[in-house]
Every structure is written in structure tokens, then in C-alpha cells.
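Visitor: Please take one part of this model and go through it closely, starting from a charged side chain and following its surroundings outward. I would like each cut-off stated where its term comes up.

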Amino acid sequence: HPGVAAAVVTAHGQDADRRLVGYVVGDPDLAELKDFVASRLPAFMVPSVLVPLSELPLTVNGKVDRAALPAPQLAVDKVLVPVTATEELLAGLWADLLGADRVGVADSFFELGGHSLLATQAISRIRTVFGVELALADLFEQPTVRGLAGVIDAATTGVAVPPITPVRRDRPLPLSFAQQRLWFLDQLEPGSTEYNLPLPPRRLRGVLDVAALTAALTGVVARHEVLRTRLVTGPDGVAH
């Protein structure tokens, strides 16, 4: 970028709070620079925060001293304050999750340093705080407090999790997505051992209680239906 004299990107934070931070020497417009980077790199390689510097700190060997790079400031200078209870709660939730001092209703979750892992946590907290079920895509489509607050207010109260109910076993049952995938791969390469899990032998010492071992294994098989499941290809060529 013509406005960048030097730059370095490093990971900041720990575990789920870990994010990419870009340090820039020069005089570019940071918002325009972020768009510039996003047009050339996949999303997971785009820094969530850009920090302007007058120069990069160097070690005595002339290499970038990453330990001396300043921590990113996630506070927001210009804040549009929440005007509804939903916006107030959501702004506080984001501030706590993102480590920001303040969050305004026009601030973008991702421009404040959010990423996919934090987005998942945000959706989970929204479910707990507001009692509504949002899709992860809702946050990506409405990344501001005001935009997502509108989605929350329009959502039906209650977690929309489909109930798990037993069904009869006297007819073919559909495969799960994982089962469909493994069945399809087996059709491409029959007999492949790629998904076999080799284990070292287990030695049992002492007197073996065969009846107890048999009862234990039988109980496990009885409890987990997947251990009693076989896939059969029907006349239509589809496995059940």
C-alpha cells in the first residue's frame, strides 16, 4: 500500500480472546487500509485491529521487537450511546467480551476486534441474556449494536431448539450428515482404512471375570445405538 512504510502483524491475547493486530508505520487511512487488505487476503488473515506507529521497535540485531509492540487500545473515541434497553445490554455484553472501555451503537463487532470465536461466544451470551436464539449469520449481517439489537427485538422469545424424540425402527432411517459423508467416501474408495483408529494392545492382568466384562461391553452397546448400526444401500442407491 502506498501509504505504508513498514508493517508487522502479530497475535494478541490468549485463547478465544486471541486476535490479529496490525502495526503500521506511515500515514494511511486505517479504514481504507483495512479494506485494501481484505480485498487481497482471506478473512482469517485480515487484522481485526490496526495500530498506527511512528516507527517499529527493533532489537539490537535490527529485528522487530514484538514484545515491545504496544497493546491495542480497543476503547472507542466517538460513541453513539444506546437508547433502548436492548442496545444498553448488548453494548455492555460486547464491551465485556471484546475488552473495550465503551461500545457505541454504531460500532462494528468485528472492527472492535471481534472474530469468529468471539462471535460464537456473543451468540451464546445473547441466548442467555435475552432468551432468544440467533444464528451466527445474524451477527455477520448486522455487526453493529443497533443493527443486532433490532434483530433481537424482532426475534421470538425462547430458544428454538428442536426436541429430540424417539422414532420407530420398523422403517429405514435417514443418515446423519457425518454418516452420509463417510458412506460417500467409502463408495469412492471401498475398504479404505483412513478412518480406522489403531490402538496399542491392552493387557488385563489378574483373574478375568468374563461375565463382568461381557456385561460391561453389552451394556455399552445397548446404551449407544450407533454401535449397533449398519448402513444398507437401498434399491434407490441411497444408504439408510
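Guide: A residue is called buried when its relative accessible area is under 20%, exposed when it is over 50%, and partly exposed in between, using a 1.4 Å probe and protein chains only. The model is predicted, so local features need pLDDT of at least 70 and side-chain atom pairs count only at pLDDT 80 or more, whereas totals for chains, interfaces and linings use all residues. Residues are numbered from 1 along each chain as its sequence is written, and side-chain values use heavy atoms, with hydrogens and water left out.

Glutamate 87 has a relative accessible area of 5% and is therefore buried. Its side chain meets that of arginine 146 in a salt bridge, at 2.9 Å from N to O; the term requires a side-chain nitrogen of Lys or Arg within 4 Å of a carboxyl oxygen of Asp or Glu. Because glutamate 87 belongs to helix H2 and arginine 146 to helix H5, the pair ties together parts that are 59 residues apart in sequence. Helices here are DSSP runs (H or I, at least four residues), as strands are (E, at least two), and they are numbered from the N terminus. Arginine 146, with a relative accessible area of 39%, counts as partly exposed, while its partner glutamate 87 is buried. The whole structure contains six salt bridges.

The helix that carries glutamate 87 also contributes to the largest nonpolar core, by which is meant a set of buried Ala, Val, Leu, Ile, Met, Phe, Trp, Tyr and Cys residues joined through side-chain atoms within 4.5 Å. This core has 26 residues, and those touching the most other members are Leu90, Trp94, Phe109, Ile126 and Leu139. At least two residues come from each of H2, H3 and helix H5 (145–154), and H2 supplies the largest share, seven residues. In soluble globular proteins, nonpolar side chains tend to be buried together.

Two of those core residues also meet through their rings. Rings of Phe, Tyr and Trp (its six-membered ring) form a pair if their centres lie within 6.5 Å, and planes under 30 degrees apart count as stacked, over 60 as edge-to-face and the rest as tilted. Three aromatic pairs satisfy this rule. In one of them, tryptophan 94 and phenylalanine 109 are 5.1 Å apart, centre to centre, with 70° between the planes, an edge-to-face arrangement. Tryptophan 94 lies in helix H2 (residues 85–98) and phenylalanine 109 in the loop between H2 and helix H3 (116–130), so this pair links distant parts of the chain, 15 residues apart. Phenylalanine 109 also pairs with phenylalanine 110, and here the ring centres are 5.2 Å apart and the planes stand at 85°, so this pair too is edge-to-face. Tryptophan 94 and phenylalanine 109 are buried, and phenylalanine 110 is buried as well. Ring pairs join Trp94, Phe109, Phe110 and Phe140 into a cluster.

For comparison with the starting charge, another salt bridge, at 2.6 Å from N to O, joins the side chains of arginine 169 and glutamate 225. This pair also links distant parts of the chain, with arginine 169 in the loop between H5 and H6 and glutamate 225 in the segment after H7, 56 residues apart. Arginine 169 is partly exposed at 49% relative accessibility, and glutamate 225 is partly exposed at 34%, whereas glutamate 87 is buried at 5%.
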